[in-house]
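This report describes how the strands and helices of one protein chain pack together. The sequence and the structure are shown first.

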Amino acid sequence: MAAVVITEDDQRIRELMARVLAEKGYEVEGAGTALDGLQRIVQYSPDVVVLDMGLPDLDGAELLKMIRAVTDVPVVVATARSEDRDVILTLDAGADDYLVKPFSVEQLEARVRAVLRRSASESMKPVVNVGGLMLDPGSRIATLEGSSLQLSPKEFDLLLYLAEHEGTVISKRQLMAEVWRQPYGGSEKTVDVHISWLRKKLGESAADSRYLETVYGVGVKLVDPT
């Protein structure tokens with residue numbers, strides 16, 4: 001039985017989500033403020049968190065950062081904020097999925113099931129090695145030539161996806177769909193920015209690439225430089 005913490009300031013919505021998820025067999029804890037939500041997350045170590053962004057004491061984006069500082073628990077953001085910029089920034093900050101209000105509780109439960117499946121799948125994935133690069137999906141540790149790489153959640157996801165498809169050119173559209181879970185929208189410029197950040201952390205540049213090769217007009221691929 002999976003445990004869920006719902007952080008939502010609207011009591012009516014929170015209770016509705018909690019009731020439906022409980023009926024589906026989940027153990028549910030509810031919180032109406034960011035700090036109460038964080039306390040419950042630390043106390044109960046849930047399998048997934050449902051997070052509203054418009055909280056009375058602290059913006060949900062700040063709470064997400066605090067959550068990511070202490071745990072890799074899957075987070076489904078459920079909010080009224082629908083701008084592409086908000087979606088991308090929130091996913092980049094470590095959210096695993098993004099739902100825009102209004103939505104049905106059944107759709108929420110389907111998203112919860114999906115992130116739980118992905119989480120279980122990630123923990124079972126083997127370590128990926130490409131040249132001197134090592135990525136461990138289970139522990140979400142990345143090293144280069146034995147030295148730790150300090151990657152954001154989305155940087156790790158992007159690098160892992162490219163490493164799992166070593167030598168294959170992946171389009172920006174596919175990366176938006178597979179890494180950012182945005183198959184129908186979102187700025188592909190986001191991919192360019194993250195590739196640039198990864199290059200710096202890998203000690204390379206677009207003009208002097210080692211691992212990340214851009215195929216102009218097509219996409220990007222990760223290669224073994226040795």
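## Helix H4 and its surroundings

Helix H4 (residues 84–92) has Val87, Ile88, Thr90, Leu91 and Asp92 as its buried residues. The model is a predicted one. The buried residues of H4 pack against helices and strands alike: H3, S4, strand S5 (97–100), H6, helix H7 (172–178) and H8. After H4 comes Gly94, which has a positive phi, near 125 degrees.

## The parallel strands

Strand S3 (residues 48–51) is covered on both faces. Val48 and Val50 are buried on one side, and Val49 and Leu51 are buried on the other. In a regular strand, side chains alternate between the two faces of the sheet.

S3 pairs in the parallel sense with strand S1 (residues 3–7) over four bridges, and Val4 stands opposite Val48 in S3. S3 also pairs in the parallel sense with strand S4 (residues 75–79), here over three bridges. In that pairing Val50 stands opposite Val76 in S4. Together with helix H3 (residues 60–70), S3 and S4 make a right-handed β-α-β unit.

## The antiparallel sheet

Strands S6, S7, S8 and S9 form an open sheet in the order S6-S7-S8-S9, with antiparallel pairing. Its edge strands are S6 (128–130) and S9 (147–148), each of which pairs on one side only. The table lists the pairings within this sheet.

| Strand pair | Sense | Bridges | Opposed residues |
|---|---|---|---|
| S6 and S7 | antiparallel | three | Val130 and Leu133 |
| S7 and S8 | antiparallel | four | Asp136 and Ile141 |
| S8 and S9 | antiparallel | two | Leu144 and Ser147 |

S7 and S8 form a hairpin with four residues between them, and Arg140 in the turn has a positive phi of about 55 degrees. The hairpin of S8 and S9 has two residues between its strands, and Glu145 takes a positive phi near 55 degrees there.

## Helix H6 against the sheet and against H8

Helix H6 lies across S6, S7 and strand S8 (141–144), and runs at about 110 degrees to S7. H6 also meets helix H8 (residues 189–202): the two axes come within 10 Å and cross at roughly 85 degrees. H6 and H8 are therefore roughly perpendicular to each other, as angles of 65 to 115 degrees count as such. On the H6 side the contact is made by Lys154, Glu155, Leu158, Leu159 and Leu162. On the H8 side the contact residues are His194, Ile195, Trp197, Leu198, Lys201 and Leu202.

## Nonpolar cores

In soluble globular proteins, nonpolar side chains tend to be buried together. The largest nonpolar core here has 47 residues, of which Leu133, Leu162 and Leu175 touch the most other members. Helix H6 (residues 153–164) supplies the largest share of this core, seven residues. Apart from this core lies another, of 18 residues, with Ile6, Val48, Val50 and Val76 among them.

Which residues does Leu162 touch, not counting those up to four places away in sequence? They are Ile170, Leu175, Ile195, Leu212, Val220 and Leu222. Leu162 is also one of the H6 residues in the contact with H8, as Ile195 is on the H8 side. Leu133, another of the core members with the most contacts, stands opposite Val130 in the antiparallel sheet. In the 18-residue core, Val48 and Val50 are the pair buried on one side of S3.

How values were computed. Residues numbered from 1 in each chain as written. Predicted model: local features only at pLDDT ≥ 70, side-chain atom pairs only at ≥ 80, totals over all residues. Heavy atoms only, no water. Core = buried A, V, L, I, M, F, W, Y, C linked by side-chain atoms within 4.5 Å. Buried < 20%, exposed > 50% of the residue type's maximum accessible area, 1.4 Å probe, protein only. Contact = heavy atoms within 4.5 Å. Pairing = 2+ DSSP bridges. Axes fitted to C-alpha atoms, helices over the stretch in contact; angles between N-to-C directions. Right-handed = clockwise from strand over helix to strand, strands pointing away. Parallel < 35°, antiparallel > 145°, perpendicular 65-115°, else oblique.
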